[in-house]
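Q: I should like to learn how features of a protein model are read. Might we begin with the packing of helices and then turn to charged pairs?

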Amino acid sequence: MSEVAGRRVSALPPIPAVLIAVVSVQGGAALAKGLFPVLGSVGAAGLRLVLASVMLLAYFRPPLLRYTRAQWAAVVPYGVALGVMNLTYYLAIARIPLGLAVTLEFVGPFVLAVVGSRKVLDFVWVLFAATGIVLITPWTAKPGGLDPLGVVLALTAGACWALYILAGGRLSRRVPEGQGVAAGMVVAMLTVLPFMLREGHLERMTPGLFAAGVGVALLSSALPYSLEMMALGQLSSRTFGILMSLEPGVATVVGWLFLREHLSPLQWLAVALVSVASAGATLTAKQPPPPVEA
């Protein structure tokens with residue numbers, strides 16, 4: 001990102017910045033899903049991480065060779081969680097609609113926000129989220145119904161998201177913020193790269209596909225990361241978390257507009273319930289961990 005672009009980003013008010021970041025992430029996911037027929041979900045995930053790591057390395061220039069063992073002990077778990085989260089999320093959206101995948105993925109940060117709580121209101125949010133998950137889950141194998149493996153993969157991505165948040169807190173105490181994320185992105189790329197190479201989809205790479213991959217990396221990583229980091233400096237983590245709770249709804253609308261993914265009324269209700277549960281848990285938590293986008 002250029003210095004001029006950086007100044008333009010920093011001039012945005014924090015709430016519009018977060019909203020733009022949310023739309024950007026889901027737009028990037030929709031663009032990535034368009035690459036699946038040629039590159040596959042693993043190839044698209046790997047391409048995104050490779051290009052995003054190059055962008056972040058060029059911008060933050062972390063001194064990787066000077067990191068101590070303690071710093072790498074923080075970077076590696078963060079990067080592995082980030083890589084597996086991206087891989088399982090892309091595998092999930094190859095099988096189920098974008099909005100439902102994001103809704104299920106939100107279960108990870110949600111559980112992290114309410115774990116150990118004894119507040120009655122938090123149990124209400126748990127009930128909301130659980131009802132949403134029940135409405136999404138394919139209890140019977142109907143032809144043309146929701147793919148059970150896609151549901152499991154999305155929930156796995158959510159579990160990795162929770163681990164990513166925990167590892168990110170540890171990383172932020174040992175490595176300067178931007179440099180830590182750049183280093184973690186390199187580890188994430190190395191985590192996914194073997195699966196990407198085994199798929200062999202890189203042989204189909206064309207300049208047009210590479211340009212689309214650059215767009216995915218910008219929309220899904222570089223732009224939202226910059227916007228979110230700027231907003232976090234001006235917003236409370238509570239406000240930030242509530243705004244991020246809009247993400248399942250935004251993903252559903254993006255999937256409907258650009259991917260022609262239509263949900264049933266019950267699935268729309270499930271998205272709404274999980275979003276309300278996430279926002280409510282963030283609002284009532286003492287120190288809510290913001291579900292920072294990867």
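A: We may begin with one helix pair in this predicted model. The axes of helix 4 and helix 7 approach within 7 Å, and they cross at roughly 45°.

Q: Which orientation does helix 4 have with respect to helix 7?
A: The general idea is that angles under 35 degrees count as roughly parallel and 65 to 115 as roughly perpendicular. Here the angle is roughly 45°, which makes helix 4 oblique to helix 7. The crossing of these two helices is right-handed.

Q: Which residues of helix 4 and helix 7 make the contact?
A: Helix 4 contributes A101, L104 and E105, while helix 7 contributes V151, A154, L155, A157, G158 and W161. By character, the residues of this contact divide into 7 nonpolar, 1 polar and 1 charged.

Q: Let us turn to the charged pairs. How many salt bridges does the structure hold?
A: The structure holds 2 salt bridges. One of them joins the side chains of K33 and E261, with an N to O distance of 2.4 Å. This pair links distant parts of the chain, 228 residues apart. K33 lies in helix 2 (residues 14-60), and E261 lies in the loop between helix 11 (247-258) and helix 12 (265-284).

Q: Are K33 and E261 buried or exposed?
A: The general idea is that a residue under 20% relative accessible area counts as buried. K33 has a relative accessible area of 16% and is therefore buried. E261, at 13% relative accessibility, also counts as buried.

Q: Which residue forms a salt bridge with D147?
A: The partner of D147 is R95, and their closest N and O atoms are 2.9 Å apart. This pair, too, links distant parts of the chain, 52 residues apart. D147 is found in the loop between helix 6 (120-136) and helix 7 (148-172), whereas R95 is found in the loop between helix 3 (69-93) and helix 4 (98-105). D147 is partly exposed, at 22% relative accessible area, and R95 is partly exposed as well, at 42%.

Q: How many helices and strands does the protein chain have?
A: The secondary structure comes to 12 helices and 0 strands.

Q: What percentage of the residues of the protein chain count as buried?
A: Of its 294 residues, 52% count as buried. As for contacts between residues at least 6 apart in sequence, 89% join residues at least 24 apart.

Conventions:
Residues are numbered from 1 along each chain as its sequence is written. This is a predicted model: local features need pLDDT of at least 70, side-chain atom pairs count only at pLDDT 80 or more; totals for chains, interfaces and linings use all residues. Side-chain values use heavy atoms; hydrogens and water are left out. A salt bridge is a side-chain nitrogen of Lys or Arg within 4 Å of a carboxyl oxygen of Asp or Glu. Helices (H or I, at least four residues) and strands (E, at least two) are DSSP runs, numbered from the N terminus. Buried means under 20% relative accessible area, exposed over 50%, partly exposed in between (1.4 Å probe, protein chains only). Axes are lines fitted to C-alpha atoms, for helices over the stretch in contact, and angles run from 0 to 180 degrees between N-to-C directions. Angles under 35 degrees count as roughly parallel, over 145 as roughly antiparallel, 65 to 115 as roughly perpendicular and the rest as oblique. A crossing is left-handed if the near helix is turned anticlockwise from the far one by less than a right angle, and right-handed if clockwise. Contact means heavy atoms within 4.5 Å. Ala, Val, Leu, Ile, Met, Phe, Trp, Tyr, Cys and Pro count as nonpolar, Asp, Glu, Lys and Arg as charged, and the others, Gly among them, as polar.
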